[in-house]
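Me: I should like a close look at one part of this structure, chosen so that a first-year student can follow how a single residue fits into its surroundings. Please begin with that residue and then widen the view step by step.

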Amino acid sequence: MMKNLLRGAAAAATIAVTGSAMAGAGGGVLLVPESTNDQVMAFNPFDGSLISMNYIDGSGQLSTPINAIQVGNEFWVSDQLADGVFRYDLNGTFLGQFNNSPLDNVRGIEFFNNRLYVTNSGSANGAPGDGVVVYDMNGNQVDFWNNAGDPFDVLAVNGINGTDLLVNDIGTPDQIRGFTEGGVASTFFGGNGDFNFPEQMNQRANGNILVATFSSQSGIFEFDQDGAQVAFYNVGESGLRGVYELGNGNFMFTTGSGVFVF
């Protein structure tokens, strides 16, 4: 059964759990960017209940926020149209922009082993085009992976199937690659006719990988740690953007029209 949490929260994007202590949040919050109002919402990571509609107010910085993560005692938010990664303290106060090199059409971000991995697509303003841009803790670019296709999201997976990070590709074919920290790529899932326009990935408590797909057979795909598809969840909505397994075992997902629990 699908539960409508916030239909009308337009262009709700990817979902990220954080460790910030917050009253009633079970020791953390789920952050969900909402691009119509350039803000980041906060939810309870156990049952998906709403904590704050405007936990991070991105007015003046954000234009189309896509992904929010926690790095140390800060929240970092990627923005597709503002072409950057923006830093906030745990109370949502703006601290500054992180990246010191140009980006264009930014999507997902991931922090792993003191590096920030940013999926980039465009080449405007000197940005490098399709690939994964790697930054050190000072916001300086230290690597660029041009073997990631047209990437949407990047997920740290701690060595499953011999890889450190998964990167999905919305090119042809739509697929998921595994990468080591050095940028060596392998195929995690080679794609099929039903897997179309993958957006956010997240890892379940059992280690399996969830992927929200935007186009064609839109829904939630589940893969085991070897990259074999084990399930597809038709959630009754189209244009999925984000997905996350809540503490109670249900799936929270987002679309361009709202936030839902399946």
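Reply: In this predicted model, F223 touches I176, F188, F189, F195, N208, I209, V211, A228, Q229 and V230, leaving aside residues up to four places away in sequence. A contact here means that heavy atoms lie within 4.5 Å.

Several of these partners lead to the nonpolar core. The largest nonpolar core has 13 residues, and I176, F188, I209 and F223 are those that touch the most other members. The strands β17 (185–189), β19 (209–213) and β20 each supply at least two residues of this core. In soluble globular proteins, nonpolar side chains tend to be buried together.

The next step is the strand that holds F223. Strand β20 comprises residues 219–223, and 4 bridges join it to β21, the two strands running antiparallel. Within this pairing, E222 stands opposite A231 in β21. Strands of a sheet pair through backbone hydrogen bonds, either parallel or antiparallel.

The pair belongs to an open sheet of 4 strands, whose order is β18-β19-β20-β21 and whose pairing is antiparallel. At its edges stand β18 (198–203) and β21 (229–233); each has a single partner strand, so one side of each is left without a neighbour in the sheet. On average, neighbouring strands of this sheet are turned by 20° against each other, direction ignored.

Another sheet may be set beside this one. It is also open, with 4 strands in the order β6-β7-β8-β9 and antiparallel pairing. Its edge strands are β6 (65–71) and β9 (94–97), each of which pairs on one side only. Here the average turn between neighbouring strands is 25°, direction ignored. Strand β6 is joined by 6 bridges to β7 (residues 74–79), and these two strands run antiparallel. One such bridge links I69 to its partner W76 in β7.

Finally, the view may be widened to the whole chain. The chain contains 24 strands and 0 helices. Of its 262 residues, 57% are buried, a term that stands for under 20% relative accessible area. Among contacts between residues at least 6 apart in sequence, 42% join residues at least 24 apart. The chain exposes about 9,600 Å², and carbon and sulfur atoms supply 44% of this area.

To return to the starting point, F223 touches I176, F188 and I209, among other residues, and these three stand with F223 as the core residues that touch the most other members.

Definitions and conventions
Residues are numbered from 1 along each chain as its sequence is written. This is a predicted model: local features need pLDDT of at least 70, side-chain atom pairs count only at pLDDT 80 or more; totals for chains, interfaces and linings use all residues. Side-chain values use heavy atoms; hydrogens and water are left out. Two strands pair if DSSP finds at least two bridges between them. Axes are lines fitted to C-alpha atoms, for helices over the stretch in contact, and angles run from 0 to 180 degrees between N-to-C directions. A nonpolar core is a set of buried Ala, Val, Leu, Ile, Met, Phe, Trp, Tyr and Cys residues joined through side-chain atoms within 4.5 Å. Buried means under 20% relative accessible area, exposed over 50%, partly exposed in between (1.4 Å probe, protein chains only). Accessible areas come from the Shrake-Rupley method with a 1.4 Å probe; for residues, only the protein chains shown count as cover.
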